[in-house]
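Let's take a walk through this protein and see which side chains meet up. Have the structure open and follow along.

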Amino acid sequence: MPWYEPGFFRSLLSVDAMKICSTIPEARAACRDARASRGRLGLVPTMGALHEGHLSLVRAAKAQCEAVAVSIFVNPTQFGPTEDLSKYPRQFDRDCQLLEKEGVDILFAPPVEEIYPEGGVTWVLVESLSEKLDGRSRPGHFRGVTTIVSKLFHILEPEAAFFGQKDAAQLAVIRRMVRDLNFPVEIVACPIVREPDGLAMSSRNAYLNLEERRRALVLQRSLQKARQQFHDGERSAEKLIFAAKDVFASEPQVVLDYFEIVDPETLDPVDRISQKTLVAVAARVGATRLIDNIVLEP
């Protein structure tokens, strides 16, 4: 069942400053007109429940493009059978207000059946790369991501698309998809936006109670431990990982999924840090799975 009430989108069409599209033909026409009248079109794909991290992507798009489109679509195909699709926060009215305030030109917010027609059996899969880091922990996740992103690129035809560095594995997978399928779109990575205490902003942070919120800071502490040892001269990935995992021992109720040091493009593990390297962590805090990362450069 769609998550909105009948007539929901129709009531939103009265918003003057931002064109809201719920169908593919509407979105295609709006983006075509924006490119023709304004120029370069930037896209920020989201699942809604917007926070400052999302809005930083919108601002980056506005700085680099003449027109900006945002999509809000809680994509069911990237959730596993035990994951939180039904509980994923949905705050559409608030999201619209935030995007209008940022000067977004087009909002594409389709129902599920508009994106996934009944009986559809076609997927976009980046083999091998989709099975690393989060792809290993969440089988099928990146197949859902690359399928929806390729659909958005096909429907909206942006010249540039903006993604957060927090989802580093997703970035690597999407970049490979764009290269392999010859999409004429520039992938722009934007810095992680953090809370004042260092926790990476995420829509899933809303699931955390006060104690879990405190425990979640162990992800950032583990990354900072690795960074500090790197700055002190350590180049062995194994030793950096050992030091970071030792930090997790202080929070036994946080369940570490992975702490890996990898090539940011291939996501393959590295033994020694001799060039730009991704340090990525994922852990479960209560029922909530969180991710974070830093990039180290000698």
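## Charged pairs

In this predicted model, Asp-257 and Arg-289 form a salt bridge, with their closest N and O atoms 3.0 Å apart. This pair links distant parts of the chain: Asp-257 is in strand β7 and Arg-289 in strand β9 (residues 288-296), 32 residues apart. Asp-257 is partly exposed, with a relative accessible area of 34%, while Arg-289 is buried at 13%.

Strand β7 turns up again in another pair. Arg-136 and Glu-260 meet through their side chains in a salt bridge, at 2.2 Å from N to O. Arg-136 sits in helix α6 (residues 134-137) and Glu-260 in strand β7 (residues 254-262), so this bridge ties together parts that are 124 residues apart in sequence. Here Arg-136 is partly exposed, at 43% relative accessible area, and Glu-260 counts as buried, at 16%.

## A network of charges

Now look at Glu-251, which forms a salt bridge with Arg-221; their closest N and O atoms are 3.8 Å apart. Glu-251 is in the loop between α11 (237-248) and β7, and Arg-221 is in helix α10 (residues 218-231), 30 residues away. Is Glu-251 buried or exposed? With just 8% relative accessibility, Glu-251 counts as buried, whereas Arg-221, at 35%, is partly exposed.

This pair has company: Glu-211, Arg-214, Arg-215, Arg-221 and Glu-251 are joined into one network by salt bridges that share partners. Altogether, the count of salt bridges comes to 18. In general, side chains of opposite charge can pair when their charged atoms come close.

## Rings meeting rings

How many aromatic pairs does a search of the whole structure find? There are 3. One of them is Phe-79 with Tyr-88: the ring centres are 5.9 Å apart and the planes are at 80°, so this pair is edge-to-face. Both Phe-79 and Tyr-88 are buried.

Phe-153 and Phe-183 make an edge-to-face pair too, because their planes are at 75°, with the centres 5.5 Å apart. Phe-153 belongs to helix α7 (residues 141-156), and Phe-183 to the loop between α8 (168-181) and β6 (186-190), so to speak 30 residues down the road. Rings can also have a charge for company: Arg-143 lies over the face of Trp-123, 3.7 Å from the ring centre. Likewise, Arg-235 lies over the face of Phe-230, at 4.0 Å from the ring centre.

## Into the cores

Phe-153 is buried, at 4% relative accessibility. The largest nonpolar core has 46 residues, and those touching the most other members are Phe-108, Phe-153 and Ile-187. Setting aside neighbours within four places in sequence, Ile-187 is in contact with Phe-153, Ala-161, Phe-163, Leu-171, Ile-174, Arg-175 and Val-178. Another core lies apart from this one; it has 26 residues, including Leu-217, Ile-241, Ile-273 and Val-279.

As a general rule, nonpolar side chains tend to be buried together in soluble globular proteins.

## A covered helix

Last stop: helix α3 (residues 52-64). Its 13 residues should span 18 Å at 1.5 Å a residue, and the end C-alpha atoms are indeed 18 Å apart, which agrees.

The buried residues in α3 are Gly-53, His-54, Leu-55, Ser-56, Leu-57, Val-58, Ala-60 and Ala-61. What covers these buried residues? The cover includes β2 (41-46), β3 (67-72), α4 (92-101), β5 (160-164) and β6.

Technical notes: Residues are numbered from 1 along each chain as its sequence is written. This is a predicted model: local features need pLDDT of at least 70, side-chain atom pairs count only at pLDDT 80 or more; totals for chains, interfaces and linings use all residues. Side-chain values use heavy atoms; hydrogens and water are left out. Rings of Phe, Tyr and Trp (its six-membered ring) pair if their centres lie within 6.5 Å; planes under 30 degrees apart count as stacked, over 60 as edge-to-face and the rest as tilted. Buried means under 20% relative accessible area, exposed over 50%, partly exposed in between (1.4 Å probe, protein chains only). Helices (H or I, at least four residues) and strands (E, at least two) are DSSP runs, numbered from the N terminus. A charge sits over a ring if NZ of Lys or CZ of Arg is within 6 Å of the ring centre and within 35 degrees of the ring normal. A nonpolar core is a set of buried Ala, Val, Leu, Ile, Met, Phe, Trp, Tyr and Cys residues joined through side-chain atoms within 4.5 Å. Contact means heavy atoms within 4.5 Å. The expected span of a helix is 1.5 Å times one less than its number of residues. A salt bridge is a side-chain nitrogen of Lys or Arg within 4 Å of a carboxyl oxygen of Asp or Glu.
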